[in-house]
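Colleague: Before planning work at the bench, I should like to go through this protein with you. May I put some questions about its architecture?

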Amino acid sequence: MAAIRMKPVDRLPFWPKLDAAYPKAQQAPFRGMDLDAIHDWIGSDRHTWIAGCTREVRKRTTVDTSQENGTMRTVYRSPRGELQLVRRFDAPSHSWHPTEFPVRTIKDIRLMTEMFEDVAVELDADQLRKAQSQAEQTGQDALTSNVIGESPLMHWVEWVAGVENAHLLLMDHQQEVEALFEAMHSVLLQNTKLLCEHSPADVLYLIENTSTTLISPDQYRQYCARHVGEYARLTKAADRDLILHMCGHLKALLPDLADIPAQAFEAFTSPTLGNTTLLDGRTACPDTCLIGGTNAMLWTKEPDEIISKIEEDLNELPHHRGIVMTSAGVMPPICKPETIKRVCERVKQYPARMN
């Protein structure tokens with residue numbers, strides 16, 4: 001929390017992002033360990049996500065999700081018709097990938113807009129009690145987080161229309177797509193306000209997955225910056241810490257990101273997978289915590305090479321306030337726990353400058 005708030009720390013925090021796919025790719029004893037146990041063995045300063053404490057309430061529409069034989073179907077129904085999002089489970093990455101998007105035509109855009117306009121967000125008392133219990137059990141062992149959601153343009157590209165069709169529809173039916181964005185935005189504003197007031201988590205997240213490989217800088221300025229800025233101003237007014245998860249190419253967006261009052265950018269990915277170094281981020285955004293600083297390809301190297309590159313990048317910085325070293329994206333399973341532990345120990349020993 002001190003690093004997120006740009007305060008001096010006694011050492012740099014280190015968080016390797018391990019997911020459910022990681023243990024399965026390891027040898028014993030790690031193959032049989034849960035993620036918390038692996039983190040404890042490594043010495044991680046870890047994040048953990050706790051239950052959300054809000055729910056969506058609908059009057060005219062429904063959203064139903066089912067799973068069968070590695071396929072997840074989410075069906076959106078309204079009196080005007082229905083749409084379907086299909087995802088397939090990928091075992092090696094232990095994740096769900098969209099294979100069929102719900103919106104393909106202008107009719108679909110209008111129906112999806114109706115789905116979002118029908119939503120009211122309210123506090124979920126049962127989930128709130130669960131979140132409070134999880135936060136209490138975690139205590140000081142991890143940074144607890146709640147997710148607000150994903151801003152309209154990025155959600156549209158990733159989950160509603162798909163990358164190619166999202167841009168074609170936005171060009172051909174801009175007015176209708178923007179109406180959908182405003183309906184999405186209204187739901188996120190409601191959720192942000194409730195989480196600011198009630199969430200027991202240490203930090204709130206927007207899972208943006210921002211990258212100029214998916215959207216243009218102009219599109220970011222036109223849509224994302226305005227929407228994310230409004231959520232960030234709400235969290236700031238409530239004295240809550242907001243983190244933007246952005247795991248792609250960000251260099252062209254840094255001047256715009258500097259104007260958003262978020263406390264941290266997470267999954268800040270260095271070249272060659274990303275295109276933004278820690279020095280780029282610190283120069284353009286001097287008051288924002290940077291969580292990341294590496295990339296997946298680096299973690300396929302030998303420990304000494306990983307350590308050397310991390311130290312080279314850290315040495316370039318004017319100071320080390322607001323720096324949290326992580327794997328940026330999810331840790332590649334090819335990287336062994338022994339390698340991560342060795343890097344972790346070196347990061348903790350690094351002579352960080354707080355002036």
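The exchange below covers the sheets, the helix packing, a pocket and some backbone features of a model that is predicted.

Colleague: Which strands stand at the edges of the open sheet of four strands?

Modeller: The sheet is antiparallel and has the order 4-5-6-7. Neighbouring strands in this sheet are turned by 25° against each other on average, direction ignored. Each edge strand has a single partner, so one side of it is left without a neighbour in the sheet; the edge strands are strand 4 (62-68) and strand 7 (95-100).

Colleague: How many bridges pair strand 4 with strand 5?

Modeller: These strands form a hairpin with two residues between them, where Asn 69 takes a positive phi near 50°. Within the pairing, Gln 67 has Met 72 of strand 5 as its bridge partner. The sense is antiparallel, and the number of bridges is seven.

Colleague: What is the bridge partner of Arg 88 in strand 7?

Modeller: Strand 6 comprises residues 81-90 and pairs with strand 7 in the antiparallel sense. Five bridges support this pairing. In strand 7, the partner of Arg 88 is His 97.

Colleague: At about what angle does helix 3 run to strand 5?

Modeller: Helix 3 (residues 106-117) lies across strand 4, strand 5 (71-78) and strand 6. Those strands belong to the open sheet with the order 4-5-6-7. Relative to strand 5, helix 3 runs at about 85°.

Colleague: Which are the edge strands of the open sheet of eight strands?

Modeller: The pairing in this sheet is parallel, and its order is 1-14-13-12-11-10-9-2. An edge strand here pairs on one side only, and this applies to strand 1 (14-15) and strand 2 (47-49).

Colleague: In strand 11, what is the bridge partner of Leu 206?

Modeller: Strand 10 (residues 203-207) and strand 11 (residues 241-245) run parallel and are joined by five bridges. Across this pairing, the partner of Leu 206 is Leu 244.

Colleague: Is helix 5 parallel or oblique to helix 6?

Modeller: Helix 5 (residues 152-160) and helix 6 (residues 163-172) pack with their axes 7 Å apart, at an angle of about 125°. An angle over 145 degrees would count as roughly antiparallel, and 65 to 115 as roughly perpendicular. The angle lies in neither range, which makes helix 5 to helix 6 oblique.

Colleague: How many nonpolar, polar and charged residues does the contact of helix 5 with helix 6 have?

Modeller: From helix 5, the contact takes in Leu 153, Trp 156 and Val 157. These meet Val 163, Ala 166, His 167, Leu 169 and Leu 170 in helix 6. By class, the contact has seven nonpolar, one polar and no charged residues.

Colleague: Are helix 5 and helix 7 parallel or perpendicular to each other?

Modeller: The axes of helix 5 and helix 7 (residues 174-198) come within 9 Å and cross at roughly 105°. Angles of 65 to 115 degrees count as roughly perpendicular. The relation of helix 5 to helix 7 is therefore roughly perpendicular.

Colleague: Which residues in helix 7 meet helix 5?

Modeller: Helix 5 contributes Pro 152, Leu 153, His 155, Trp 156 and Val 160. The residues of this contact divide into nine nonpolar, two polar and no charged. On the side of helix 7, the residues are Val 177, Leu 180, Phe 181, Met 184, His 185 and Leu 188.

Colleague: Which residues are the closest to the centre of the second largest pocket?

Modeller: About 600 Å³ of space lies in this pocket. Helix 4 (125-138) and strand 9 (143-149) each give two or more residues to its lining. By class, that lining has 13 nonpolar, six polar and six charged residues. Of the 25 lining residues, the closest to the centre are Met 1, Asp 45, Gln 140, Ala 142 and Leu 143.

Colleague: Where is the cis peptide bond with omega near 5°?

Modeller: The residues it joins are Ala 28 and Pro 29. Pro 29 is found in the loop between helix 1 (21-24) and helix 2 (35-42). The bond with omega near 5° is thus the one from Ala 28 to Pro 29.

Colleague: What is omega for the cis peptide bond that joins Pro 271 and Thr 272?

Modeller: Thr 272 is found in the loop between strand 12 (264-268) and helix 10 (278-284). For the bond joining Pro 271 and Thr 272, omega is about 20°.

Technical notes
Residues numbered from 1 in each chain as written. Predicted model: local features only at pLDDT ≥ 70, side-chain atom pairs only at ≥ 80, totals over all residues. Heavy atoms only, no water. Pairing = 2+ DSSP bridges. Axes fitted to C-alpha atoms, helices over the stretch in contact; angles between N-to-C directions. Contact = heavy atoms within 4.5 Å. 1 Å grid on protein atoms, 1.4 Å probe; cavity = no way out; pocket = protein on both sides within 12 Å on 5 of 7 lines; lining within 4 Å. Points joined across faces, edges and corners; volume = space filled by probe spheres on them. Nonpolar A, V, L, I, M, F, W, Y, C, P; charged D, E, K, R; others polar. Parallel < 35°, antiparallel > 145°, perpendicular 65-115°, else oblique.
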